[in-house]
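Q: I have a structure in front of me and would like to learn how to read it feature by feature. Where do we start?
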Amino acid sequence: MSELEPRTAAAESDAADDPTAQHQAIDRDALTGRVLVVDDTPFNRQLLRRLLDRIGHETLEAADGQAALDLLRDPATKPVDVILLDIMMPVMDGYATLAALKADEALRDVPVIVISGVDELDSVVRCIEMGAADYLPKTVDPAIIRARIAASLGQKRLRDQERALLGTIERQRSQLARFLSPQVAALVSNPDGEAMLAGHRREITALFCDLRNFTVFSETAEPEEVLGFLRLYHATLGSLVVAHDGTLEHFAGDGIMVFFNDPVLQVDHAQRAVELALDIRERFKDISAEWRRRGHVLEVGIGIATGYATMGRIGFEGRYDYGGVGNAIILASRLSGEAVAGQILMAARTFAALDTITAEPVGERQLKGFSRPMPVYAAGAQNGAADASAPAGASNPAS
Amino acid sequence: MTDGPIDAGVFANLVEMTGGEMDFVDELVDTFLEDGRSQLATMRTAATESDLETLGRAAHSLKSGSLNVGAVELGALCRSLEEAGRSGAVPDAASQIDAIAAEFDGARRELIAERARRAQS
């Protein structure tokens, strides 16, 4: 999994502030933090603050629950690590305060230690059920204070580290998803993904799509026009690939390669690939019409083939792609080259696996790299509706 | 201070808790005395207004300070009043508060005397 991280600049920069790097064993005795003392009795606040100061904690105080919440929610207050909370207080008592703290997203994880008299153990039980971390007796032993606050601080540090780590993982995952196809990003983030990335054999359906006439277009159009066109083309195709749950292997100029049935299993992978092809052809009609008005003839040609391939991590240390090696992939690419404007050509195995899509044989083709001529089929429309946009007999302009 | 209003053992604990900083002990005692006077005033007002919630809370507040400075008997009286307040009716609130005030006064004298003895030694 680590081989893939250098793909994203974000993943690299994240490594610098990776909380795992600072994830050291927590020395409880050395732990100090900011402690808020909430008690209506001045004597108790004074005593507790002094004891906490002596241990090395920074202290704040509030005379009741409402004052504590106001202080904690004040943007000028630096975050507090532990709250010592008295139960019986005027204005807002300990229970109401605890409930408000636990209902507040930003304060929920600050450990609360309830201060209680020896005759208030029922209240302690109630507070712990409400989410208090611990309790301290009112007649305070400094050693107990030290130990309980350190324990709560330790838990909070761990929780903070855990939160930071989860945040980093989530950030990396969302960054990865921008660079990789979502299925591959999920694989990379998943501990079981390593075996899949290492390589596996799978029957897949590969779809290759590129543009007729793109070479002519890119030579005659302004570079800005070419880039503008590619952006629209990639955005359109990208959203269709995602909508059809295809695994996008790569975009290269006007060519895109998409797999089905890998890494996520899809029983109907051939059908899905052809459905994607039909959608691409449909959506491309508008794009094509728009560019035709500007004087450029741009049409898609799509090739689809089904067969076994070895799938996984391909490349070298520092730059890996998720990809495949197999005849089906080469065949899809060759068929795309054979397709005329708006045509979707597929190999026999893909054709055989279709249920609801009509396709017709368009004869045998001698394809580069394949010793024997291959029977080739052209997709029509779903449910047998005739598709006028695929001129079967049209010549294949130079692409 | 044995058998007086202040339990010597508890008071020694308080001194130990502060790390033997007597200035701070004096500060705490002053806070206790000041707060105690104010809680007593609150109790009297609450009793005349039959505000049992405020009465109980003031007793509770004075109780916790009392127990920390060693005013054990004062703490016990406060606790009775607090519990009575919680039970819903305190017919003898005024006499209970008088008893608390008397015990508080005794504790105050003892605490001040302790400070004076320390100053002499």
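A: We start with chain B. From the N terminus on, its elements run α-α-α-α-α. That makes five helices and zero strands in chain B.

Q: What kind of model is this, and what are its overall scores?
A: This is a predicted model. The scores are ipTM 0.82 and pTM 0.55.

Q: Where in chain B is the confidence lowest, and where is it highest?
A: Chain B has an average pLDDT of 87, and 98% of its residues score at least 70. Within chain B, the lowest confidence falls in helix α1 (residues 8–17), with a mean of 84. Helix α2 (residues 22–48) of chain B has the highest, at 90.

Q: What share of chain B counts as buried?
A: Chain B has 121 residues, and 38% of them count as buried. As for its contacts with a separation of 6 or more, 60% are between residues 24 or more positions apart.

Q: How many residues does each chain bring to the contact between chain A and chain B?
A: The size of an interface is often given as the accessible area lost when the parts come together. Here we count residues instead: 17 come from chain B and 18 from chain A. On the chain B side, α2 and α3 (52–69) each supply at least two residues. The largest share of that side, seven residues, comes from α3(B). Sorted by class, the side of chain B that touches chain A has eight polar, five nonpolar and four charged residues.

Q: How do I read a long helix, and what is the case for α11 of chain A?
A: An α-helix has 3.6 residues a turn, so residues three or four places apart point the same way. Helix α11 of chain A covers residues 269–293, which is 25 residues. From its first C-alpha to its last it reaches 36 Å, close to the 36 Å expected at 1.5 Å a residue. There is nevertheless a kink of about 30° in α11(A), with its centre on K285(A).

Q: Which residues of α11(A) are buried, and what follows the helix?
A: The buried residues of α11(A) include A270(A), A273(A), V274(A), A277(A), I280(A), R281(A) and F284(A). W291(A) is buried as well. The helix is followed by G295(A), which has a positive phi near 95°.

Q: Which residues other than glycine have a positive phi here?
A: Most residues other than glycine have a negative phi, and most peptide bonds are trans. Two cases to look at are N213(A), with a positive phi of about 80°, and S50(B), with phi near 55°. N213(A) sits in the loop between β6 (200–212) and α9 (214–220) of chain A. S50(B) is in the loop between α2 and α3 of chain B.

Q: Are these two residues buried or exposed?
A: N213(A) has 19 other C-beta atoms within 10 Å and is partly exposed. A residue needs 20 or more to count as buried. S50(B) is exposed, because 11 other C-beta atoms lie within 10 Å and the cut-off for exposed is 12 or fewer.

Q: Which peptide bond is cis, and where is its proline?
A: The bond from D262(A) to P263(A) is cis, with omega near -5°. P263(A) has its place in the loop between β8 (255–260) and α11 of chain A.

Q: How do I read a strand, and why is β3 of chain A said to be largely enclosed?
A: In a regular strand the side chains alternate between the two faces of the sheet. Strand β3 (residues 82–86) of chain A is largely enclosed by the rest of the structure because five of its five residues are buried. Both faces are covered: on one side are V82(A), L84(A) and D86(A), and on the other I83(A) and L85(A).

Q: Which strands pair with β3(A)?
A: Strand β1 (residues 34–38) of chain A pairs with β3(A) in the parallel sense over four bridges. In that pairing V37(A) stands opposite L84(A). Strand β4 (residues 112–116) of chain A also runs parallel to β3(A), joined by four bridges. There, L85(A) has V114(A) as its bridge partner.

Technical notes:
Residues numbered from 1 in each chain as written. Chains lettered and ligands numbered in written order. pLDDT = per-residue confidence, 0-100. Contact = placed C-beta atoms within 7 Å. Expected span 1.5 Å × (residues − 1). Bend = angle between axes of the 7 residues up to and from the residue. Nonpolar A, V, L, I, M, F, W, Y, C, P; charged D, E, K, R; others polar. Pairing = 2+ DSSP bridges.
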